[in-house]
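Here is a short briefing for a first look at this structure. Keep the sequence and the model side by side as you read.

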Amino acid sequence: MPQFYEQPLQPFAISFDFAAATLEPTGPTLERRMSDLEGLFADHEQWRAAAEGDNPVVYSVVSSPVPEADRELPQSITTINPGTVSGEFFMTKGHQHPNAQGEIYLGLTGRGGLLTFDGYDTRFLEINPGTVGYIPPGWAHRSINTGDTPYSFLAVYPGGAGHDYGWVLSHGMGKRVLMADDGSVTLAEY
């Protein structure tokens, strides 16, 4: 959380630019490179080659100054760069909320999707600019860029929900999202 905001927060406005996928003022920024995504791609050798090679930025998250604390509603904009590892689209790490709560995503730019998994059932929701994706409590979720330009979305979530990235590494996501030979999106077994 930025040091210029102290608890409790006072009401304030956030300037949001839909086309540029930016918000102001900004809070913490997170950048994930290929080397940060160990264990997520099916082709471990190709992942390693990319991670040890140019180690590209796969995605970044720019948060608003609203803290991840109980009763707060933080917002962030995630931008996933285009690309694949052996046909598996670039993606976020994915997580589940230990304090099971819902979340919404609003597509801003590019083409992408939301992969959700409750431990039994996997759902893939196409999220394009103007599409709102709803993630019910208890569903792990991961975002995926299925296009050839950066894919950005706005996330709004309960600040006390938490993020369990280890759950996805242990349980998977049920399916993988791949580029088919004709360039379309297809799901494959995990």
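Contact here means heavy atoms within 4.5 Å. In that sense, the buried residues of helix α1 pack against strand β6 (84-85). The model is predicted. The points below start with α1, then turn to salt bridges and backbone details.

**Helix α1**

- Helix α1 covers residues 44-52.
- Which residues of α1 are buried? They are W47, A50 and A51.
- These three sit on the same side of α1, because they cover an arc of only 100° around the axis.
- The other side of α1 has E45 and E52, which are exposed.
- An α-helix has 3.6 residues a turn, so residues three or four places apart point the same way.
- The N-terminal end of α1 is capped by D43. A side-chain oxygen of D43 lies 3.2 Å from the backbone nitrogen of E45.

**Salt bridges**

- How many salt bridges does the model have? The count comes to five. Three of these pairs are described here, one by one.
- E52 pairs with R48 inside α1. Their closest N and O atoms are 3.9 Å apart, against a cut-off of 4 Å for a salt bridge.
- E52 and R48 are four residues apart, about one turn of the helix.
- E52 counts as exposed because its relative accessibility is 62%, and the limit for that class is over 50%.
- R48 has 32% relative accessibility, so R48 counts as partly exposed.
- R33 forms a salt bridge with E31, and the closest N and O atoms are 3.7 Å apart.
- Are the two partners buried or exposed? Neither term fits: R33 is partly exposed at a relative accessible area of 32%, and E31 is partly exposed at 45%.
- The side chains of E88 and R176 also meet in a salt bridge, at 2.8 Å from N to O.
- This pair links distant parts of the chain. E88 belongs to strand β7 (residues 88-89) and R176 to strand β14 (residues 175-179), 88 residues apart.
- Both E88 and R176 are buried, meaning that each has under 20% relative accessible area.

**Backbone details**

- Where is the cis peptide bond? The bond joins E24 and P25, with omega at about 5°.
- P25 lies in the loop between β2 (22-24) and β3 (29-33).
- A21 has a positive phi, near 55°, and is a residue other than glycine.
- A21 is in the loop between β1 (15-17) and β2.
- Is A21 buried or exposed? At 11% relative accessibility, A21 counts as buried.
- R71 also has a positive phi, about 75°, although R71 is not a glycine.
- The loop between β4 (57-63) and β5 (75-80) holds R71.
- R71 counts as exposed, because its relative accessibility is 84%.

**To take away**

- α1 has a buried side with W47, A50 and A51, and E45 and E52 are exposed on the other side.
- The salt bridge of E52 and R48 stays within α1, whereas the one of E88 and R176 links distant parts of the chain.
- A21 and R71 each have a positive phi, but A21 is buried and R71 is exposed.

Key:
Residues numbered from 1 in each chain as written. Predicted model: local features only at pLDDT ≥ 70, side-chain atom pairs only at ≥ 80, totals over all residues. Heavy atoms only, no water. Buried < 20%, exposed > 50% of the residue type's maximum accessible area, 1.4 Å probe, protein only. Helix = DSSP H or I, 4+ residues; strand = E, 2+ residues; numbered from the N terminus. Arc of directions from axis to C-beta. Polar contact = N/O pair within 3.5 Å; in protein donor to acceptor, adjacent residues only side chain to side chain.
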